[in-house]
Amino acid sequence: MHKQDFNKGWTFGKQISKLEAVFTGVKDKHQEVRLPHDAMILTERTEDSPLGPGGGYFQGGTYQYVKKFVVPQEDQGKVMFLEFEGVYMNAFVYINGDLAGKYFYGYSNFYVQINDYVRYGKENELKVVVQNSSQPNARWYSGSGIYRNVKFMKAEPIYIVPDGVRITTVDADPDLAVLKIDMLLKNENMGLHTGYASTIIKDSDGNTVSEQSTKFTIKTGEQISVRQRITLPNPQLWDTENPNLYTCETVIQINNKVMDKDVTTFGIRKLQLDSLNGLRINGKTVKLKGGCIHHDNGVIGAATFEDAEERRIRKLKEAGYNAIRSAHNPISRALLDACDRNGMLIMDELADCWTHAKQAFDYAAIFTSTWEKDVEHMIGKNYNHPSVIIYSIGNELVENGTPHGNSLGRKIVEKIRSIDDTRFITNAVNLLMPALDQLEDIAASLGFENMEALASGEVNEVMNAVGPMMAKLMESSAIQELVEEAFGLLDIDGYNYSPEKYVAEHKKFPHKTFVGTETNPPQLDNNWEIVMNNSYVLGDFAWTAWDYLGEVGIGRYGYDEEPRESIYAPFPYITAQTGDFDITGYRLPISYWREIVWGGRNHIPYISVQKPERYGQKVTFSQWSWTDTISSWTFPGYEGKGIVVEVFSSAEEVELFVNGKSQGKKPVGDEFKKFYCKWDTVYEEGTVEAVAYIKGNEVGRFCLKTAGAPQLKVTMERECLRAGTNDLCYVNIELMDEEGNLNTAEDRKVTVSIEGPATILGSGTGRSKTEENYFDLTHETYYGRMLAVVRAGEEKGVAWLTVSSDGIETVTVNIPVV
């Protein structure tokens with residue numbers, strides 16, 4: 001189909017809300033917007049927000065988007081669709097005042113056929129009403145509105161159904177690949193016709209490697225599938241290290257007239273799964289170095305931009321990841337494309353709940369009537385993406401322990417397999433959830449006393465209350481009996497927070513494979529040992545790879561002035577405060593430890609320092625916390641005072657030096673963690689350096705220096721933007737000294753402003769506890785850093801971004817818009 005970007009020319013207004021939308025500091029009910037657009041990120045947060053800590057104390061609402069468009073008279077008789085890639089949630093689509101379609105799940109792409117509703121040769125009005133005022137309806141920050149792309153699609157009455165070209169790798173090796181191409185065609189009203197479906201396959205360099213035409217006959221009102229079987233000699237196979245991609249151009253012709261065209265990107269790769277070899281891609285075993293991610297993009301909210309998704313996947317890949325799990329909903333087309341290009345594997349997840357609600361107005365209210373369509377849309381969107389290797393049917397479901405729940409699970413699994421039998425299916429099972437009704441009795445038998453916490457039924461609170469007893473609870477035969485049928489439905493048994501079950505269950509079921517669908521970040525050293533030592537354990541997905549909005553403070557540290565009385569933090573916390581990267585994309589210390597555990601960094605150690613202002617204080621952690629450290633040696637005012645230096649390393653021993661003076665050697669791996677050691681020493685301005693040794697020989701070193709007086713350093717992550725597109729330029733703003741050392745000790749108020757054909761889409765820091773808004777233009781840096789995100793405007797020219805702070809020289813950078 002001919003596809004047109006339908007993201008421009010919208011007006012936006014809130015219909016029902018306590019607060020009006022905020023745009024660049026001005027309140028306005030009818031503002032011009034360009035999609036994608038997250039209305040929630042523009043609201044003022046309040047302590048009494050019905051979204052509560054799960055939603056980051058933001059505001060919901062009901063919104064209206066309006067767009068005017070003209071369909072030429074000559075297009076009468078053609079078929080036309082709108083594709084909405086994501087609207088959160090309860091979307092009603094009107095054309096000229098008539099309801100043309102509706103969709104409720106906020107994470108599914110969906111199509112609305114509009115050719116019977118438009119007025120040809122005249123102006124038409126498209127109105128989308130988004131009803132997101134019933135709160136809370138998610139356990140995390142959901143965003144609001146049309147937050148993913150909208151496309152207008154049109155074709156002749158005989159056309160390729162949207163997502164109707166599906167390319168399957170039947171077999172593949174370095175010498176030969178066998179492909180099956182299915183093309184789903186529909187005839188709306190043209191009568192009986194005979195024509196040809198042709199495909200042209202091109203490699204990544206644009207060279208044609210295959211051409212084939214297949215004759216077909218189609219009747220009025222009929223939908224048919226045209227199939228081709230193609231062999232490709234010497235294929236460029238796709239894998240995590242060599243993400244080779246092909247394109248398939250599909251053309252439908254009747255009487256030599258082109259009726260429809262489609263271009264599909266795909267990769268050729270062979271998947272295998274067994275308990276002896278684990279997961280194999282193209283015959284090679286791959287262990288999943290995974291992390292869970294939510295769908296928001298930090299300071300720009302839930303709005304999905306190609307550059308935002310590409311940036312996140314690129315950074316995760318550079319940090320050693322080779323897999324992500326969507327938590328807990330189908331991911332965007334932009335993220336799928338980014339994973340294909342970067343060789344990142346995907347576990348795509350259907351939903352966080354089925355029929356048992358986890359929030360008052362969540363997906364459970366509609367699941368039984370919509371899940372089949374949601375499965376169809378998820379698989380249709382994913383099918384040609386080689387990065388997608390696993391489907392997860394749900395997350396931490398109560399239904400996993402009931403006959404009716406397992407009956408529903410069986411239907412979901414059968415539905416997926418009927419559409420796509422090329423991927424593997426799992427379920428992220430938290431063994432506590434199916435056992436909630438029996439949990440108090442089971443826990444009491446083990447001597448547990450905090451029954452009030454168990455009674456909450458909220459999964460994070462229950463896990464926090466159980467704490468170290470989690471492993472003992474998981475040994476209960478009663479719990480395992482509850483979930484036996486749920487696991488029997490799957491290709492891969494997925495466990496949340498129960499790594500001890502892999503080996504135990506394998507002894508009973510030696511043909512099964514297992515994966516840690518969600519695990520505690522600090523447990524990776526032990527978990528990865530299990531993964532590497534057991535072929536049937538496929539990998540580990542940590543919670544989480546990237547910090548996110550909502551579920552505020554679950555990974556925060558508790559000190560005397562703010563103890564951890566609840567798993568969630570009070571207002572004004574805004575992020576979960578857990579992850580290898582903060583929401584600005586800044587890599588945190590735990591990420592370097594994780595990379596070392598995975599075998600990366602070539603024995604180069606990494607230094608992270610506990611904050612001297614907390615020296616000697618008692619600290620409490622959650623299961624998602626790492627140590628309270630930063631990679632810095634800049635702590636003015638703490639000279640001569642105690643400080644703890646942590647070093648992560650894959651070597652046998654490490655020696656620490658402060659200003660060239662040895663603090664002694666230590667073996668790597670202590671009572672706290674493997675690949676870890678620490679020194680309790682005294683802070684001195686200057687340098688701290690770690691030297692790693694194997695068999696007495698130096699294999700790597702790492703140094704931190706005390707930073708001097710800060711200057712503004714402004715770094716753009718791309719050189720130019722394309723006018724009228726979704727292009728984003730991420731701008732990193734840092735307080736650096738003359739030698740390039742980040743000054744983490746001197747946070748300052750920094751203001752950003754822009755002139756010319758671009759806008760500031762959002763700005764902020766990785767600080768979890770803040771009352772700042774991401775639409776504000778002034779922020780206090782967080783350990784010397786902040787981020788601004790610039791979006792291309794409609795016109796060409798040069799945009800000038802100015803960054804200023806009192807007492808420091810202002811910096812202005814130009815961003816060409818071409």
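**Stop 1: the largest cavity**

Start with the lining of the largest cavity, which by class has 10 nonpolar, 4 polar and 4 charged residues. To find the spot, select Tyr88, Tyr107, Asn137, Asp362 and Tyr363, which lie nearest the centre of this cavity among its 18 lining residues. The space inside is about 160 Å³. Keep in mind as you look around that this is a predicted model. In total, the structure holds 5 cavities of 30 Å³ or more.

**Stop 2: the second largest cavity**

Now select Asn297, Gly298, Ala308, Arg311, Arg312, Trp546, Ile583, Thr584, Tyr730 and Leu787, the residues that line the second largest cavity. About 80 Å³ of space lies here. Which helix gives the largest share of this lining? Colour residues 306-318 to see helix α1, which contributes 3 residues. Sorted by class, the lining of the second largest cavity has 5 nonpolar, 3 polar and 2 charged residues.

**Stop 3: the largest pocket**

Next, move to the largest pocket, with a volume of about 980 Å³. Its lining counts 42 residues, and the ones to select for the centre are Tyr557, Gln577, Lys611, Asp628 and Tyr782, the closest to that point. By class, the lining of the largest pocket divides into 16 nonpolar, 13 polar and 13 charged residues. Two elements to highlight are α12 and β34 (629-630), each of which supplies at least two residues of this lining.

**Stop 4: helix α12**

Stay with α12 and select residues 589-597. Is this helix mostly covered or mostly open? It is mostly covered, with 9 of its 9 residues buried. They are Pro589, Ile590, Ser591, Tyr592, Trp593, Arg594, Glu595, Ile596 and Val597. After α12 comes glycine 599, whose phi is positive, near 100 degrees.

**Stop 5: helix α11**

Helix α11 spans residues 524-533, and its buried residues include Leu524, Asp525, Asn527, Trp528 and Val531. Why do these residues sit on the same side of α11? They cover an arc of only 160 degrees around the axis, so they share that side. As background, an α-helix has 3.6 residues a turn, so residues three or four places apart point the same way. To see what lies over the buried residues of α11, show β25 (288-293), β31 (514-519), β32 (537-542) and α12, which are among the elements that cover them.

**Stop 6: two cis peptide bonds**

Now follow the loop between β32 and α12, where threonine 544 lies. The peptide bond from tryptophan 543 to threonine 544 is cis, with omega near 5 degrees. Proline 572 is found in the loop between β32 and α12 too. The bond leading into this proline from phenylalanine 571 is also a cis peptide bond, with omega near 15 degrees. For comparison, most peptide bonds are trans.

**Stop 7: two charged residues in strands**

Select aspartate 493, in strand β30 (residues 493-496). Is aspartate 493 buried or exposed? Aspartate 493 has a relative accessible area of 2%, so it counts as buried. Beyond its neighbours within four places in sequence, aspartate 493 is in contact with Thr426, Phe487, Lys512, Thr513, Phe514 and Val515.

Then jump to lysine 180 in strand β16 (residues 176-187). Lysine 180 is buried as well, because its relative accessible area of 18% falls under the 20% cut-off. Neighbours within four places aside, lysine 180 touches Arg166, Ile167, Thr168, Val170, Arg227 and Gln228. Draw a distance between the C-alpha atoms of lysine 180 and arginine 166, and you should read 8.1 Å for residues 14 apart along the chain.

**Stop 8: two positive phi values**

Most residues other than glycine have a negative phi. Asparagine 234 has a positive phi, near 50 degrees. You will find asparagine 234 in the loop between β19 (223-233) and β20 (246-254), exposed with a relative accessible area of 56%. Phenylalanine 675 also has a positive phi, of about 60 degrees. Phenylalanine 675 lies in the loop between β37 (661-667) and β38 (676-682), and it is partly exposed at 24% relative accessible area.

**Last stop: colour by confidence**

Finally, colour the model by pLDDT. The mean for the protein is 94, and 97% of its residues reach 70 or more. Where does pLDDT stay under 50? Select residues 16-28, for which the model has 25 contacts beyond four places in sequence. Where pLDDT is low, the predicted coordinates should not be read in detail.

Methods: Residues numbered from 1 in each chain as written. Predicted model: local features only at pLDDT ≥ 70, side-chain atom pairs only at ≥ 80, totals over all residues. Heavy atoms only, no water. Helix = DSSP H or I, 4+ residues; strand = E, 2+ residues; numbered from the N terminus. Buried < 20%, exposed > 50% of the residue type's maximum accessible area, 1.4 Å probe, protein only. Contact = heavy atoms within 4.5 Å. Arc of directions from axis to C-beta. pLDDT = per-residue confidence, 0-100. 1 Å grid on protein atoms, 1.4 Å probe; cavity = no way out; pocket = protein on both sides within 12 Å on 5 of 7 lines; lining within 4 Å. Points joined across faces, edges and corners; volume = space filled by probe spheres on them. Nonpolar A, V, L, I, M, F, W, Y, C, P; charged D, E, K, R; others polar.
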